[in-house]
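I opened this structure to take notes on its metal site, its sheets and its overall build. The entries follow in the order I looked things up.

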Amino acid sequence: MTEEPSRRLLLVHAHPDDESINNGATMAAYAAGGARVTLVTCTLGERGEVIPPELQHLAGPALGAYRQRELAAAMEALGVEDFRLLGGPGRYSDSGMMGLPDNDDPGCFWQADVDEAARYLVEVILEVRPQVLVTYDENGGYGHPDHIQAHRVAMRAADLAAEAGWPIPKVYWNRVPRSVAEDAFARLAENLPALPFSKAAVVDDVPGVVADERITATIDGTAYAAAKAAAMRAHATQIEVAEGGGSFALSNELAQPLFSTEYYELVRGQAGGPRETDLFAGLNPDAGTTAGEAS
Ligand SMILES: [Zn+2]
């Protein structure tokens, strides 16, 4: 029997590709460092817009099945073995962008009962017993219904798991500091003529951008930048990564910087210091409780 890794990280995301864009470097770094990294994706992204012309015939369940394979390839690139779909593949479908009639589909994640969806996640939490949970802020980072719902389900599951005996010691939201985003977009504008994208997005298109002082943890993933770019490339229906890996575009073809350093805001639990560089900082790995509480 192999020993259970002492550090266990759980990430909750809306669609296949969100994990690689937001947390790819973090996931690769912790997986390489021997932590157990568990990803729960809430939908298969069946309503995503497909970029490559030769794959644009894919839609609905066929696109979902294809994106499930893209997710598996991305996880291989990041070295992550434990990835699951909330309630099993196809339990919840993509809700589409906010305001579309798709939002009313009774099987879509936006229409899910939050407590029922959270109970699927509680099962995972009680099995894995993560010390760290990563998800989006209450606006889902940028207002997509599935991202908002992923936030609600993750936070509710954390409450229910605490009642059931596993209070997750630290909960983080994905963030990008505004100054970092502004600097990156300034560099991107200079490099744009050399990129395969004709226009750039703007800072406010980036999910989770907040004032710098709200960032509590910075994960330097420079050593895993190539793994992150490879994972993003694996999601080829959704993402085009420029050569060199410094930028990418979604189906809107607007260039965005590809961040290999990733940022977080601690929203529950005790920080291990004023500027954390490790999401597990301050934790006692054996007890699964904060060092301050262990005696
Ligand atoms: Zn998404």
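**Entry 1: the zinc site**

I looked up the protein donors of the zinc ion and found His15 (ND1), Asp18 (OD), Asp18 (OD) and His147 (NE2), lying 2.0 to 2.5 Å from the ion. I note that this is a predicted model.

I then checked the geometry. The four donor atoms subtend angles of 54 to 143° around the zinc ion, so I have the arrangement down as irregular. For four donors to count as tetrahedral, all angles would have to lie between 85 and 135 degrees.

In sequence I read the spacing of the donor residues as H-x2-D-x128-H. His15 sits in the loop between strand E1 (8-13) and helix H1 (18-32), and His147 sits in helix H4 (residues 145-163), so the pair ties together parts that are 132 residues apart in sequence.

Are the two histidines buried or exposed? His15 has a relative accessible area of 5% and is buried. His147 is buried as well, at 2% relative accessibility. The cut-off I used for buried is under 20% relative accessible area.

**Entry 2: strand E4**

Next I went to strand E4 (residues 132-135). Val132 and Val134 point one way from E4, Leu133 and Thr135 point the other way, and all are buried.

On one pairing, E1 runs parallel to E4, joined by three bridges. Here I find Leu9 opposite Val132 of E4. On another, E4 pairs with strand E5 (residues 170-177), also in the parallel sense, over four bridges. Leu133 has Val171 of E5 as its bridge partner.

I also followed the connection from E4 to E5. E4, H4 and E5 make a right-handed β-α-β unit. H4 is the helix that carries the zinc donor His147.

**Entry 3: strand E5**

How many of the residues of E5 are buried? I count eight of its eight, and I record the strand as mostly covered. Sorted by side, Lys170, Tyr172, Asn174 and Val176 are on one face and Val171, Trp173, Arg175 and Pro177 on the other, with both faces covered.

I listed the further pairings of E5. With strand E12 (261-268), E5 runs antiparallel over five bridges. In that pairing Val171 has Arg268 of E12 as its bridge partner. With strand E7 (residues 209-210), E5 runs parallel over two bridges. The E7 partner of Val176 is Val209.

**Entry 4: the four-stranded sheet and Ser247**

I moved on to an open sheet of four strands, which has the order E6-E11-E10-E9 and mixed pairing. Strand E6 (199-200) and E9 stand at the edges with a single partner strand each, so one side of each has no neighbour in the sheet.

Inside this sheet, E10 and strand E11 (residues 254-257) are antiparallel, paired over three bridges. I picked Ser247 for a closer look; this residue lies in E10, and its opposite number in E11 is Pro257.

Ser247 has 3% relative accessibility and therefore counts as buried. What is Ser247 in contact with, leaving aside its neighbours within four places in sequence? I wrote down Leu188, Leu195, Phe197, Glu240, Val241, Ala242, Gln256, Pro257 and Leu258.

**Entry 5: helix H6**

I listed the buried residues of helix H6 (residues 225-234): Ala227, Lys228, Ala229, Ala231, Met232 and Ala234. I noted that a lysine, Lys228, is on this list. The cover over these residues includes H1, helix H2 (60-78), strand E9 (240-241), strand E10 (247-249) and E12. E9 and E10 are the strands I met in the sheet of Entry 4, and E12 is the antiparallel partner of E5.

**Entry 6: the whole chain**

Last I took the overall figures. The protein chain has six helices and 14 strands. Its C-alpha trace spans about 60 × 45 × 40 Å along the principal axes.

A compact globule of 295 residues would have a radius of gyration near 19 Å; the chain has 18 Å, and I note that the two agree. Of the 295 residues, 53% count as buried.

I also looked at how far apart in sequence the contacts reach. Among contacts with a separation of 6 or more, 77% are between residues 24 or more positions apart.

Terms used. Residues are numbered from 1 along each chain as its sequence is written. This is a predicted model: local features need pLDDT of at least 70, side-chain atom pairs count only at pLDDT 80 or more; totals for chains, interfaces and linings use all residues. Side-chain values use heavy atoms; hydrogens and water are left out. Donors are N, O and S atoms within 2.8 Å of the metal (3.2 Å for Na, K and Ca); water is not among the atoms, so sites may look incomplete. Four donors count as tetrahedral if all angles lie between 85 and 135 degrees; four count as square planar and six as octahedral if opposite donors are over 155 degrees apart and all others between 65 and 115; anything else is irregular. Buried means under 20% relative accessible area, exposed over 50%, partly exposed in between (1.4 Å probe, protein chains only). Two strands pair if DSSP finds at least two bridges between them. A crossover is right-handed if, with the strands pointing away from the viewer, the path from the first strand over the helix to the second runs clockwise. Contact means heavy atoms within 4.5 Å. The radius of gyration is taken over C-alpha atoms; the globule rule is 2.2 Å times the number of residues to the power 0.38.
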